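Trainee: I should like a close look at a single part of this model, with the terms explained as they arise. Please take me through it residue by residue where that is possible.

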Amino acid sequence: MDTIGLQDIRDLAQQESVRLHHYFIGVEHLFIALTQLEGGLTLAVLTHHDLSPRFVRYSIRESVGRYEDQRYWPGFPETPRALEVLATAKRYAGIHPTTERDLLLAILDEGDSCPIRVLYEMGVNVTALRHTAANWTEPVMPQRPEVPIEGDIDLGPEQSRVFKMMFRQYGRVQVLHELHGGFSGAQVLLVRPVRVDGTRDAPVVVKLDDRHSVLYERRRYDLYVRGKLPITTAQLVDQPVVPDDSWCGGLKYTFVGGLNDTEPVSLGEIAAKRDPQVVSDLLWSLFRDFGPGWWLQRKPYRFEGWREYEHVLPPALVLEAVLADYDQHGMGHTLEPLGAWSRTNHVMPGEIVTLRKFVVQKIDAKRQVVSLAAGAQPEAINRTGKVEVRGL
């Protein structure tokens, strides 16, 4: 699991400041953030001295009070005392990253902040508290409190972990829809993040997939898509969330569409249901918006479609696995990569086929699906003969 860093503590302190309508970062907000770290040193030390972390937080909040719901400055400036404490913590850390212990000791050593005065009012021996924190040897694993996920959605442990990491600065996250219709096998969600003060941000699209697919998609976006599309199209935001110890990763896109849309609609579906003039107008609008950055480029350009699209192309063939000793009686076909079968009706539904010389590109254990292709490299010539085998 991920351990906490100083930036995570600052984020929690900022959330606490928003709850109290302070909109600045003081030592009180930093200390409350330390008491919110599950499995952390601060909770362990307070509990060791028979102190309730919840009551300590309550007492500090009561002492500093809640301001009116109005901002008079941008951002979250840090108070002089908070800057002094952070500088002391950095000095304690030396050449290493600042830890929870460094910050806790810096607050206890400063000696005159609101949290310290509250502890004295509670009859706490701050010197003994500091000694315990400095000499604590039992293992701790500080982690941020989990972001509540609202909505009827089924996420596996790793998907849930990545999803919460993507929205760790929010108070809660509402899953509005699961979007269907894609071909990559990724889980795609329409999400509305809600801040700790109840303010709802604009909905975004979250894509959860194999870590390698996520990294590959973001890299190709940066190289070939960024800056070439009009602002009215979906854009990737933030960096991909890909924990080193997880097979899963996540991407976040801006959302373009209606909140009630649950599936992408293809141009073929539109053409089959709409008046020809409507289809013509739509195609012209797409050409007008996308043409300058794509088709109307005035320089030699080889459109290597696989750089953007190979992970969303549907398989050329979908097969259901059967027993190895299945009696074919001389029927069926033996398929090899890049054969004519991928471009013709050489294979019909219900026929028995045998596969040879394919390379495993991806395994989806949850769906019991294996994706095969002509080679291990990502070129389109390998992807055009993609085969999906189900039921293994």
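Trainee: Which strands form the open sheet of 4 strands, and in what order do they stand?

Mentor: The sheet is open, its 4 strands stand in the order E7-E12-E11-E10, and the pairing is mixed. Strand E7 (317-320) and strand E10 (359-364) are the edge strands, each pairing on one side only. From one strand to the next, the twist averages 25°.

Some conventions are needed here. This is a predicted model, in which local features need pLDDT of at least 70 and side-chain atom pairs count only at pLDDT 80 or more, while totals for chains, interfaces and linings use all residues. Residues are numbered from 1 along each chain as its sequence is written, and side-chain values use heavy atoms, with hydrogens and water left out. Strands (E, at least two residues) and helices (H or I, at least four) are DSSP runs numbered from the N terminus, and two strands count as paired if DSSP finds at least two bridges between them. Strands of a sheet pair through backbone hydrogen bonds, either parallel or antiparallel.

Within the sheet, strand E11 (residues 369-373) pairs with strand E12 (residues 387-390) in the antiparallel sense, over 4 bridges. One residue pair can be named: Val-369 has Arg-390 of E12 as its bridge partner.

Ser-371 also belongs to strand E11. Its relative accessible area is 15%, so Ser-371 is buried; the term means under 20%, whereas exposed means over 50% and partly exposed lies in between (1.4 Å probe, protein chains only). Leaving aside residues up to four places away in sequence, Ser-371 touches Val-359, Val-360, Gln-361, Lys-362 and Val-387. Such contact requires heavy atoms within 4.5 Å.

A charged pair comes next. The side chains of Arg-367 and Asp-364 meet in a salt bridge, with 3.4 Å from N to O; the term denotes a side-chain nitrogen of Lys or Arg within 4 Å of a carboxyl oxygen of Asp or Glu. Arg-367 is partly exposed because its relative accessible area is 40%, whereas Asp-364 counts as buried because its value is 16%. Elsewhere, salt bridges that share partners join Glu-16, Arg-19 and Arg-61 into one network. In that network, the side chains of Arg-19 and Glu-16 meet at 3.5 Å, N to O; both residues lie in helix H1 (residues 6-19), 3 residues apart, about one turn of the helix. By this rule the count comes to 15 salt bridges.

Another sheet may be set beside the one requested. It is an open sheet of 6 strands in the order E1-E2-E3-E4-E6-E5, with mixed pairing. Strand E1 (149-150) and strand E5 (236-241) stand at its edges with a single partner strand each, so one side of each has no neighbour in the sheet. E1 runs parallel to strand E2 (residues 172-179) and is joined to E2 by 2 bridges, and Glu-150 has Gln-174 of E2 as its bridge partner. Helix H9 (residues 157-166) lies across E1, E2, strand E3 (187-194), strand E4 (204-210), E5 and strand E6 (248-254), and runs at about 45° to E6. The axes behind such angles are lines fitted to C-alpha atoms, for helices over the stretch in contact, and angles run from 0 to 180 degrees between N-to-C directions.
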